[in-house]
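Here are a few notes to read alongside the structure. Keep the 3D view open and find each piece as it comes up.

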Amino acid sequence: MTVTATPPTTSTTPAASSTNTTALGAASLADNFNTFLSLLTTQLKNQDPLSPLDSNQFTQQLVQMTGVEQQINANSLLTQLVANTGNGVSTAVTLIGKDVKAVSDNANLTTGQAKWTYNLSAAASDLKVEVLDANGKLVHAEAPSDMKAGDHAFTWNGKDLSGNQLPDGGTYTLRVTATDSSGAAIASTNYVEGVVTGVTQSNGATSITVNGGPVDWSKVTTITQVAPTATAATTPTTTPAATS
């Protein structure tokens, strides 16, 4: 089963409103707390030695201020949870275990291979495919003979220009340069495809893990349910013993 995935568009207005309210509350609390401390200090400096400040009342005021602070902190945590949901965490988690195809120039080198699919918008007369490391250094280049329009699978064996096998774990970028017979550039799009094994969030951005590397979940274009592995049931066959 293959589904064309369009990541849901979620309104961020409630979360933004909640964030603004919480921020205003925290700022107001800070101002009030500073005012409270200023007044308390003034009271302590100018209190009547024969009628000192009631310690019970002082303690109650501190407890009230602490309670308000804790409530605002709780609101901040709830706001973060709402933001996480709005940024696609809950939806992205449902992709775990599914095979996806997503727009991405980057792929991780895993078990000595990095895989992409690139799409040519039109047939090319000249085509060059290059792999760059995380520093932008060219580590592989080739000129494929299949230059027709459409999708093309590309697998790099992890060896650099000198034939050295590079270690697993690095992130590499695919760069495709294609031109037609007149020398005009042909648009291309790169994809990665694989089973989703994890979901992460950093600075409000949600990523899924595909082939060991992070991919922006909103770039997913297709989702395919992974077919269960067929296992043949083996039942031992017994032959009745011959009786004389």
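**Notes on the fold**

1. Let's begin with the overall inventory: the chain's secondary structure comes to three helices and twelve strands. Bear in mind that this is a predicted model.

2. Now for the chain as a whole. It has 244 residues, and 27% of them count as buried. The exposed area is about 15500 Å², with carbon and sulfur atoms supplying 55% of it. Take the contacts between residues at least 6 apart in sequence: 71% of these join residues at least 24 apart.

3. Next, have a look at one sheet. It is an open sheet of four strands, in the order E3-E8-E5-E6, with antiparallel pairing. Strand E3 (106–108) and strand E6 (138–142) are the edge strands, so to speak the ones that each pair on one side only. On average, neighbouring strands here are turned by 25° against each other, direction ignored.

4. Zoom in on the pair E5 and E8. Strand E5 covers residues 126–132 and strand E8 covers residues 171–179, and seven bridges link them in the antiparallel sense. To find one of the partners, start at Val 131: its bridge partner in E8 is Leu 174.

5. Which residues does Ser 121 touch, leaving out those up to four places away in sequence? They are Ala 149, Ile 186 and Ala 187. Ser 121 itself is in the loop between strand E4 (114–120) and E5. Ala 149 is 28 residues away from Ser 121 in sequence, yet their C-alpha atoms are 5.6 Å apart in space. As for Ala 187, its backbone oxygen lies 3.0 Å from a polar atom of the Ser 121 side chain.

How values were computed. Residues are numbered from 1 along each chain as its sequence is written. This is a predicted model: local features need pLDDT of at least 70, side-chain atom pairs count only at pLDDT 80 or more; totals for chains, interfaces and linings use all residues. Side-chain values use heavy atoms; hydrogens and water are left out. Two strands pair if DSSP finds at least two bridges between them. Helices (H or I, at least four residues) and strands (E, at least two) are DSSP runs, numbered from the N terminus. Axes are lines fitted to C-alpha atoms, for helices over the stretch in contact, and angles run from 0 to 180 degrees between N-to-C directions. Buried means under 20% relative accessible area, exposed over 50%, partly exposed in between (1.4 Å probe, protein chains only). Contact means heavy atoms within 4.5 Å. Accessible areas come from the Shrake-Rupley method with a 1.4 Å probe; for residues, only the protein chains shown count as cover. A polar contact is a pair of N or O atoms within 3.5 Å; within protein, one must be able to donate a hydrogen and the other to accept it, and residues adjacent in sequence count only if both atoms are side-chain atoms.
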